[in-house]
Amino acid sequence: MDLGSITAAWGSMKAVGELAKGFVSLHSAAEVQARAIELNQKIIDAQNAIFAAQTTQTALVDRVRELESQIARMKDWDAQKQRYQLATPFPGCMVYALKKTMSDGEPPHYLCTSCFQKGQRSILQGVEGRGHRNTSTYHCPVCNSDAITIWSNVIAPQYLEDIKPAG
C-alpha cells in the first residue's frame with residue numbers, strides 16, 4: 001500500500017476524533033454547525049485517502065500476480081528447453097531436435113530455431129517443394145521461417161540421438 005495514502009487516512013481519522021471531542025465544549029448552534037461541516041470534510045478526506053490506498057493495494061496485488069505468472073512461464077520454458085538440442089539433420093539445416101531420453105512418449109519432431117530463441121515452442125511442419133526445386137522444407141507456422149533440406153521428399157523428423165552427422 002502507498003504509505004502516503006495510509007498516513008493521510010490516519011491523519012484524517014485523528015482529526016475526526018479531535019473534532020468529535022470538541023463538540024462537548026461548544027455553546028451555540030452556529031458553533032455546532034460549523035464543527036459538523038468541518039467534521040464531515042475530515043471524514044470525506046479520510047474516505048478519499050482510504051480509497052486511494054485501496055486502489056494502490058489492488059494495483060500492487062495485480063502486479064504481483066502478473067509477475068508470479070511470468071515467473072511460472074519462465075520456469076516452464078526452462079524445463080521445456082532442456083528437452084531439445086540444436087541439431088543439423090541435413091547439411092545447412094538447423095533445428096532444435098527432441099531428445100529421445102526426454103520425449104515422454106512424444107514422437108520425434110523439430111522446433112523452429114527463431115521461435116525457440118524467443119522462448120516459444122513451435123513445431124516445424126514438413127512441406128515438399130515449398131518454393132525450392134527438388135527440395136523439401138520444414139516450415140514454421142508461427143514465424144513463417146523455413147528450414148530447407150537437400151531432399152526432394154520430406155524426411156520424417158528423428159530424435160536428436162538418431163540424427164546422423166552430415167558428411
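Trainee: Hi! Is Tyr138 buried or exposed?

Mentor: Hi! Tyr138 is buried, with a relative accessible area of 1%. Keep in mind that we are looking at a predicted model.

Trainee: Got it. What does Tyr138 stand opposite in strand 6?

Mentor: Its opposite residue in strand 6 is Ala147. Strand 5 and strand 6 pair in the antiparallel sense, and they do so over 3 bridges.

Trainee: What's the order of the strands in that sheet?

Mentor: The order is 4-5-6, in an open sheet of 3 strands with antiparallel pairing. Strand 4 (125–128) and strand 6 (146–148) are the edge strands, and each pairs on one side only. From one strand to the next, the twist averages 30°.

Trainee: Let me zoom out for a second. How many helices and strands are in the chain?

Mentor: The chain has 3 helices and 6 strands. Starting at the N terminus, the elements run α-α-β-β-β-α-β-β-β.

Trainee: And what share of the residues is buried?

Mentor: Of the 167 residues in the chain, 26% are buried.

Trainee: How about contacts between residues at least 6 apart in sequence: what percentage join residues at least 24 apart?

Mentor: That comes to 40% of those contacts.

Trainee: OK, now the other sheet. In what order do its strands come, 1 to 3?

Mentor: They come in the order 1-2-3, and this is an open sheet of 3 strands with antiparallel pairing. Strand 1 (84–90) and strand 3 (110–111) each have a single partner strand, so one side of each has no neighbour in the sheet.

Trainee: How many bridges are there between strand 1 and strand 2?

Mentor: There are 5 bridges between strand 1 and strand 2 (residues 93–98), which pair in the antiparallel sense. Within that pairing, Tyr84 stands opposite Leu98 in strand 2.

Trainee: Let's switch to aromatic rings. How many aromatic pairs does a search of the whole structure find?

Mentor: The search finds 5 aromatic pairs. Take Tyr84 and Phe116: the ring centres are 6.4 Å apart and the planes stand at 70°, so this pair is edge-to-face.

Trainee: Which parts does that pair tie together?

Mentor: Tyr84 is in strand 1 and Phe116 is in helix 3 (residues 113–117), so the pair links parts that are 32 residues apart in sequence. Both Tyr84 and Phe116 are buried.

Trainee: And what about Phe90 and Tyr138, how are their rings arranged?

Mentor: Phe90 and Tyr138 form a stacked pair, with 6.2 Å from centre to centre and 15° between the planes. Phe90 lies in strand 1 and Tyr138 in strand 5 (residues 136–139), so this pair ties together parts 48 residues apart in sequence. Phe90 counts as buried too, at 4% relative accessibility.

Trainee: Why give both a distance and an angle?

Mentor: Because a pair of aromatic rings is described by the distance of the centres and the angle of the planes.

Trainee: Makes sense. Back to Phe116: which residues does it touch, leaving out those up to four places away in sequence?

Mentor: Phe116 touches Trp77, Lys81, Tyr84, Tyr96 and Leu111. Trp77, Tyr84, Tyr96 and Phe116 form one aromatic cluster. As for Lys81, its C-alpha atom is 8.3 Å from that of Phe116, and the two residues are 35 residues apart along the chain. The relative accessible area of Phe116 is 8%.

Trainee: New topic: where is Ser103?

Mentor: Ser103 is in the loop between strand 2 and strand 3. Ser103 is buried, with a relative accessible area of 8%. A polar atom of its side chain lies 3.1 Å from the backbone oxygen of Lys100. Not counting residues up to four places away in sequence, Ser103 touches Arg83, Leu98 and Tyr159.

Trainee: Last thing, cysteines. How many disulfides are there?

Mentor: The count comes to 0 disulfides. For Cys143, the closest cysteine sulfur is in Cys112, at 3.6 Å, which is too far for a bond.

Trainee: Are Cys143 and Cys93 buried or partly exposed?

Mentor: Cys143 counts as partly exposed, at 30% relative accessibility, whereas Cys93 counts as buried, at 1%.

Trainee: Thanks, that helps!

Technical notes
Residues are numbered from 1 along each chain as its sequence is written. This is a predicted model: local features need pLDDT of at least 70, side-chain atom pairs count only at pLDDT 80 or more; totals for chains, interfaces and linings use all residues. Side-chain values use heavy atoms; hydrogens and water are left out. Two strands pair if DSSP finds at least two bridges between them. Helices (H or I, at least four residues) and strands (E, at least two) are DSSP runs, numbered from the N terminus. Rings of Phe, Tyr and Trp (its six-membered ring) pair if their centres lie within 6.5 Å; planes under 30 degrees apart count as stacked, over 60 as edge-to-face and the rest as tilted. Buried means under 20% relative accessible area, exposed over 50%, partly exposed in between (1.4 Å probe, protein chains only). A polar contact is a pair of N or O atoms within 3.5 Å; within protein, one must be able to donate a hydrogen and the other to accept it, and residues adjacent in sequence count only if both atoms are side-chain atoms. Contact means heavy atoms within 4.5 Å. Axes are lines fitted to C-alpha atoms, for helices over the stretch in contact, and angles run from 0 to 180 degrees between N-to-C directions. A disulfide is a pair of cysteine sulfur atoms within 2.5 Å.
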